[in-house]
Amino acid sequence: MAEGERIDSSPLISLITINYNQAVVTCDMLESTRQLTYPNFEIIVVDNGSLENPAERIRQGNFPNVTVIVSPDNLGFSGGNNLGLQHAKGDFYFFLNNDTIVTPNLLETLLEPFRRDSTIGVTCPKIRYFDQPNVIQYAGYHPLNSYTGRTWAIGLMEPDKGQHDQSGPTYFAHGAAMMVSQLVLKRAGSLDDSYFLYYEELDWSARIRRAGFQIYYQAEALIYHRESMSVGKMNPMKVYYHTRNRLWFMRRNVTGFPLLIFCLYYFGLAIPKALIQYLIRWQPAYLKAIKDAIIWNLKHTNKQARSASPPIAVTA
C-alpha cells in the first residue's frame, strides 16, 4: 500500500507465526483463528528447523488459507518472521506468537487505528495470560530507562478491571502480537536478524518511532498468551540472549552520557550480581552464558548494528 493511499475496506492481512517443536501448540492457535470474523487474511506458518515437520499435522487439521514454510535451520524470532515476510502477500502483516489464542474481532479491531491516523505504523492488542485469563501481561509499554536499559509492560500482572481500557500511543510493541503496515517496512526495515531472540521488538519499535511512526496500543483488541512456551521460564540460552541483547540494544539506541551510565551500571552492578547468584547456586552453564554474551558484544561494532537491517522490498 503506497504512502497516502486510502485503506481498502478489507485489505489483505498476512498473519505470520513461527513454529519450533510445538506443532500441537501451533495447531491450538490455528484452531482459534477459525473464529476470526475478518474476511480477508492469509496465515503463514514458518517452521524454524523443528525435529518434526509440522506440515502434515497442520494439513490434517484442515485449516483454511494456511501456508507452511519449512526452514532447515532455526532462524530465531527475527529471522523466522523475516522469512515469513518473504512469502506474505498482505497489505498489513500481523506477527503472532504460536502460543497465543485469538479473539473473534481481533484483526478488524487492530486495523481500525490505521484508518484514522496515517502516522500509526504498528498496533498491538491487550494481552492477558492464557492460564490466568483475567490477568494482564501487556497494555502498552512504559518509556525506556536510558540509564538501566529497562522498561516494563503497563498493567503487568494486574487483574483486568478496565483500568487499561484507554487506547493510545505507547513506546514499544509486544512481540507476541503486532500488526504492521507495509509503509513501516519500506521506511524502517524489518526485524533485525542479529538479535535472534529477545529485545528484537524493542529495537524495531525504536527504529519505527525514529522513522516517524507511532506504536499504538489498541485496548479493544485482545489475545491470550501462554508465556515462554518455546524457551521455558529460565535456562542458559535465555540468560545468554537476555544478557547479550540488552547490551546490544543499548549500544544501538542510546548514545553519550546515558550510554556511559548504563555501562557503569551494567558492568558494575547488574552483571556482578548475576555472576554471584549463579556462583552461589553453582550453575556453570549460566556463568558461561554471560561470558559468551559479553564476548559477542566485544566482537560486534556499532557500525555493524546500524547497517544490520535495511528497508526491504514489499509487494505494492
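Partly exposed, as used on this tour, covers relative accessible areas between the buried range, under 20%, and the exposed range, over 50%. The model is predicted.

**Stop 1: helix H9**

Select Lys288 and Asp292. Lys288 has a relative accessible area of 48%, so Lys288 is partly exposed. Asp292 is also partly exposed, with a relative accessible area of 23%. Their side chains form a salt bridge, with an N to O distance of 2.6 Å. Both residues belong to helix H9, which spans residues 284-299. They are 4 residues apart, about one turn of the helix.

**Stop 2: helix H8 and a nonpolar patch**

Move to residues 254-280. UniProt, in an unreviewed entry, gives this range the feature "transmembrane region". In the model, the range is 93% helix and 0% strand. The C-alpha atoms at its two ends are 33 Å apart.

Now pick Leu260, in helix H8 (residues 256-280). Leu260 has 47% relative accessibility and therefore counts as partly exposed. Add Tyr147, Phe257 and Leu264 to the selection: with Leu260 they make a nonpolar surface patch of about 440 Å².

**Stop 3: from the S10-H7 loop to helix H1**

Select Arg226 and Asp28. These two residues form a salt bridge, and their closest N and O atoms are 3.3 Å apart. The pair links distant parts of the chain, 198 residues apart. Arg226 sits in the loop between strand S10 (214-225) and helix H7 (236-253), while Asp28 is in helix H1 (residues 23-32). Is each partner buried or partly exposed? Arg226 is buried, because its relative accessibility is 17%. Asp28 is partly exposed at 31%.

**Stop 4: strand S6 and a salt-bridge network**

Select Arg128 and Asp160. Their side chains meet in a salt bridge, 3.0 Å from N to O. Arg128 is in strand S6 (residues 120-129) and Asp160 is in the loop between strand S7 (136-138) and strand S8 (168-170), so the salt bridge ties together parts that are 32 residues apart in sequence. Arg128 is buried, with a relative accessible area of 16%. Asp160 is buried as well, at 10% relative accessibility.

Extend the selection to Lys126 and Asp165. Together with Arg128 and Asp160, these residues are linked in a network of salt bridges. How many salt bridges does a search of the whole structure find? The search finds 11.

**Stop 5: Asn81 in helix H3**

Go to Asn81, in helix H3 (residues 76-87). Asn81 has 2% relative accessibility and so counts as buried. Show its contacts, leaving aside neighbours within four places in sequence: they are Ile16, Ile18, Phe95 and Leu191. Then draw a distance from the C-alpha atom of Asn81 to that of Asp193, where the separation is 9.5 Å. Along the chain, these two residues are 112 residues apart.

**Stop 6: cysteines**

Finish with Cys124 and Cys263. Cys124 is buried, with a relative accessible area of 0%. Cys263 is partly exposed, with a relative accessible area of 27%. How many disulfides does a search of the whole structure find? The count is 0.

Notes: Residues numbered from 1 in each chain as written. Predicted model: local features only at pLDDT ≥ 70, side-chain atom pairs only at ≥ 80, totals over all residues. Heavy atoms only, no water. Disulfide = S-S within 2.5 Å. Buried < 20%, exposed > 50% of the residue type's maximum accessible area, 1.4 Å probe, protein only. Patch = residues over 30% accessible without salt bridge, like charges linked within 9 Å, V, L, I, M, F, W, Y side chains within 5 Å. Areas by Shrake-Rupley, 256 points an atom, 1.4 Å probe, with all protein chains shown as cover. Salt bridge = Lys/Arg side-chain N within 4 Å of Asp/Glu carboxyl O. UniProt positions renumbered as here; feature names shortened; annotations may be inferred. Contact = heavy atoms within 4.5 Å.
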